[in-house]
Amino acid sequence: TAGSDEVSVNALGRLYAKIVGFSVVTRYMVYIVPVGLILAVPVLIFRFTNYGDGTFVGGKDGPTLFYLFLWILIAWCALWVAKIAAWVLPKVFMFFCGIVSMGVRKYATVLKNLSIPLSLFFWALAAWLSFKGLFNDALSKNVVWVRNMERVLGALFVSLAVLLAEKALVQLIGVSYHQRSFANRIKASKREIHLLGLLYDASRTLFPMYCEEFAEEDYIINDSIEMMLRGKKGKIMGGNGAATPMKIIGDVGRFGDKVTSVVGHVAKEITGKQVFNPNSAHSIVLEALEKKLPSEALGRRIWMSFVLEGKDALYLEDFEEVLGPAYKQDAEEAFNMIDSDSNGDISLDEMVRKTVEMGTERKAIGEGMKDIGQALRVFDKVLMFVVLLITILIFLVFFQSSVVTNLATAGTALLSLSFVFAVTTQEFLGSCIFLFVKHPYDVGDRVEVGGTQMLVERISLLYTVFTKTAQNQSTQVPNIVLNNLWIDNVSRSKAMTETFKVDVSYDTSFEDIELLRAEMEKFVRHPDNSRDFKPDFTIGVAGVGDLDKLTLEISIQHKSNWHNGVVRATRRSKFMCA
């Protein structure tokens, strides 16, 4: 129609799309062959006929048209040969160097990401050398345009070598940073989500989805329309008439999921892979972990479907019994994953807290990788500006004979600029070292800087955005300032110890202090508290004041760090009120 913006493709266009998308070979043939044939026509004409004889480019001492078009054809073919060489190089490198050590895999990744700079580098080298070889006589006779073209190609080759070095440096920093900061976290997160999906699948086997026992949790987990709308009214699934229309919509949505699931199963039979199956346990778990409310519902459903009637905790035997002998190792791994305090049982709160933490960690990894990617792009742009300045200097050196004068001029200019940009350069280099070398925190970590507890919200190249936990206030701090401060990373710490002081009467005897120690040890070793505190407990006299009081120093050991401030406050209050 006249008002439509759609563009239809005719039969020739569809044929072209099929040829290009058929394989890499056909795509390259479509790109290379037509232009190559066009460039080969004058070469063949000048080589096997009398056309062009006596026609010199740039004067009588210049090259003939045959050599000029031959070099253009060689340069065109060299571009695609260089691209193929850059594509093959990482595979060859991995084949030979991988025999010695698998640690070189990251360098193969760097080479793979450098395909375009490597292609340009190889092409510039081939074009420069082929030009010097074909036009050697004209160069010896100092033909002006030939000499200038040779200088351009030489300067271009050196400039692309500098560009390749810059890109390689950025890629090395990025790959090394990823391996050091994210690789293990991503691997652990994927494994935890896989195990959680295994537990959820077993829970669905015991109690089918939307059964009477877990209908509420299933609606929350699947984030159905009725739960989102009814949640705004503060209502839960009930028997009133208002629930019926939304219940029907929810059933229609689930019917649509069933249709998609059938298509996914057919695709799986054909390809051998899991394809867009919204009802798979892994897909549902991933969706549930995106939000806190579905994460809590997922943890509750798994725990309540596994626990035996009359029990208030899960044990390893429960996992092994539900999953079966075939998944005994996975059952043990899943139990140890959730039982973070290693006390041999899993409470409902512990299960819910671990499920929420898994979703939080997954989002923190994604945000951290995005922020570091942005920081690397800024770093790359700054280095590209430096490469541009070096490229200008390279071309000046190639086109002027006085190299010393050029270097002296450039050195004087850089020295003058150093006084103007000294502070900016210092901040840039200091921030790069702080972020990519020291790397004291990641997005989502709880840190303490200058006695202030904060959460890392965003990381940039020159600054970091924190949220103060006490005031819930956003704070932006330059990385160059943080580079000179002590940073305590609570999230990276293991089980932490809390120490506080209590003033008692000066007449308190040693026997009374020992009695208090015994009572406190009994408290931390009680089954109700053993999941929160370690059995070790210390108490001692820290001072006597002005001989009017005794100051007792009490140390308790938590079974985890203080990344979760709510959990820490609950444990502290429980201990203080014991």
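**A sheet, a helix pair and annotated spans**

Strands β1 and β2 make a hairpin with just two residues between them, and glycine 450 in that turn has a positive phi of about 60 degrees. The model described here is a predicted one. Within this hairpin, β1 (residues 446-449) and β2 (residues 452-459) run antiparallel and are held together in the pairing by four bridges. One of the matched pairs is valine 447 with methionine 454, its bridge partner in β2.

The chain then turns again: β2 and β3 also form a hairpin, here with three residues between them. Five bridges link β2 to β3, again in the antiparallel sense. Valine 456 finds its bridge partner in β3, namely phenylalanine 466. Moving on, β3 (residues 463-468) pairs with β4 over six bridges, and this pairing is antiparallel too. Here threonine 464 sits opposite valine 477 of β4.

Put together, these strands belong to an open, antiparallel sheet of five, laid out in the order β4-β3-β2-β1-β5. At the edges are β4 (473-478) and β5 (487-489), each of which pairs on one side only. From one strand to the next, the twist averages 40 degrees.

Turning to the helices, α12 (residues 292-306) packs against α15 (residues 348-399) with the axes 8 Å apart and an angle of about 140 degrees. Angles over 145 degrees would count as roughly antiparallel, so the two helices, α12 and α15, are classed as oblique to each other. Their crossing is right-handed. On the α12 side, the contact involves Lys292, Ser295, Glu296, Leu298, Gly299, Arg300, Ile302 and Trp303, while α15 brings in Leu348, Met351, Val352, Thr355 and Val356. Sorted by character, the residues of this contact come out as seven nonpolar, three polar and three charged.

As for annotation, an unreviewed UniProt entry marks residues 28-48, 68-89, 110-131, 151-177, 382-401 and 413-437 as "transmembrane region". Two of these spans can be set beside the model. Residues 28-48 are 100% helix and 0% strand, with the end C-alpha atoms 29 Å apart. For residues 110-131 the chain is 95% helix and 0% strand, and 31 Å separates the end C-alpha atoms.

Definitions and conventions
Residues numbered from 1 in each chain as written. Predicted model: local features only at pLDDT ≥ 70, side-chain atom pairs only at ≥ 80, totals over all residues. Heavy atoms only, no water. Axes fitted to C-alpha atoms, helices over the stretch in contact; angles between N-to-C directions. Parallel < 35°, antiparallel > 145°, perpendicular 65-115°, else oblique. Left-handed = near helix turned anticlockwise from the far one by under 90°. Contact = heavy atoms within 4.5 Å. Nonpolar A, V, L, I, M, F, W, Y, C, P; charged D, E, K, R; others polar. UniProt positions renumbered as here; feature names shortened; annotations may be inferred. Pairing = 2+ DSSP bridges.
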